[in-house]
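Here is a short briefing to read beside the sequence and the 3D view. It moves from strands to a helix, then to cysteines and one serine.

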Amino acid sequence: MSRTLATVPGPGTWASVHLVRQLARQSLKRICAVCERTLLTGERAIRFSPDGEDFVDVCPLCQELAIDYGWIKEGSPTSPTVPNQRRRRRRGLASLFDPRRQPPDDPVVAEPILRRLSAPEQQMVEAADIFNSSDYRRTVGGIAKSLGEPRASIVPLSGVSGELIVTVAWDISWYQYRVTPESAQPVRLAERGHELADLDAGYQRWNARIEQDGRLVPDISPV
């Protein structure tokens, strides 16, 4: 009577099985294509296509940045979209004192104090009000919930364009926004990076702060 002998896997077979299992675990690890952070177990990712063909994972905090880059969200029309900002046409510093102008929901400086500020300080206030009326305020507030309180600065660019640069920086990441008061899109993401050493020293004169809800407030004395 013949007996069927069970086949015992050899060392090479066990190594192959271990490799397959390891690769399977690695394939399940998802990384945000924007901030390169490993997504937590159960964290919902949004799929975007940078090139209109392949899709990548983007964490909830970075989805607006992906839109800024022109990436196409899965299931959306193929044409890129831009943030739905509350666009406000401005006419420079004089509009700050125009009684007909619509103030932001929470202006950073009250009217009596505003009149006592210097022209550069009024520029900072105007840039902060414009930033706070954009969707980027919510983006920064969301990132701050994960990375903690950032440092911030508001720096006017040289020239007559009236543009200012808002810099928001953590130890492991920084973002720069260009504020153009008279533009149809007054706030846009200009630069981003990971190392503070890559950020020009002129933008590291921290003269503003970010509150818990992402609100930008310049450090200006009220007296």
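In which sense do β6 and β7 pair, and over how many bridges? They pair in the antiparallel sense, over six bridges. Keep in mind that this is a predicted model.

**Strands β5, β6 and β7**
- Strand β6 has a partner in β5 as well, antiparallel and again over six bridges.
- Four residues separate β5 from β6, and the two strands form a hairpin.
- One bridge to look up joins V168 to Y175 of β6.
- On the β7 side, E191 stands opposite Q176.
- Strand β6 is mostly covered, with five of its six residues buried.

**Helix α5**
- Helix α5 runs over residues 136–147, which makes 12 residues.
- At 1.5 Å a residue, α5 should span 16 Å, because the expected span is 1.5 Å times one less than the number of residues.
- The end C-alpha atoms of α5 are 16 Å apart, so the model agrees with that expectation.
- The buried residues of α5 are Y136, R137, T139, V140, G141, G142, I143 and A144.
- Those buried residues pack against two helices, α2 (63–68) and α4 (119–132).
- They also pack against the strands β5 (164–169), β6 (174–179), β7 (187–193) and β8 (208–210).
- G148 comes just after α5 and takes a positive phi of about 95°.

**Cysteines**
- How many disulfides does the structure hold? The count is zero.
- C35 is in no disulfide, and its nearest cysteine sulfur belongs to C32, 3.6 Å away.
- That distance does not meet the cut-off, because a disulfide needs the two sulfur atoms within 2.5 Å.
- C62 is likewise in no disulfide; the sulfur of C59 is the nearest cysteine sulfur, at 3.6 Å.
- C62 counts as buried because its relative accessibility is 2%, and the cut-off for buried is under 20%.

**Serine 49**
- S49 lies in strand β1, which covers residues 46–49.
- Is S49 buried or exposed? S49 is buried, because its relative accessible area is 1%, under the 20% cut-off.
- A polar atom of the S49 side chain lies 3.0 Å from the backbone oxygen of D54.
- Leaving aside neighbours within four places in sequence, S49 is in contact with D54, F55, W71 and I72.

Definitions and conventions. Residues numbered from 1 in each chain as written. Predicted model: local features only at pLDDT ≥ 70, side-chain atom pairs only at ≥ 80, totals over all residues. Heavy atoms only, no water. Buried < 20%, exposed > 50% of the residue type's maximum accessible area, 1.4 Å probe, protein only. Contact = heavy atoms within 4.5 Å. Pairing = 2+ DSSP bridges. Polar contact = N/O pair within 3.5 Å; in protein donor to acceptor, adjacent residues only side chain to side chain.
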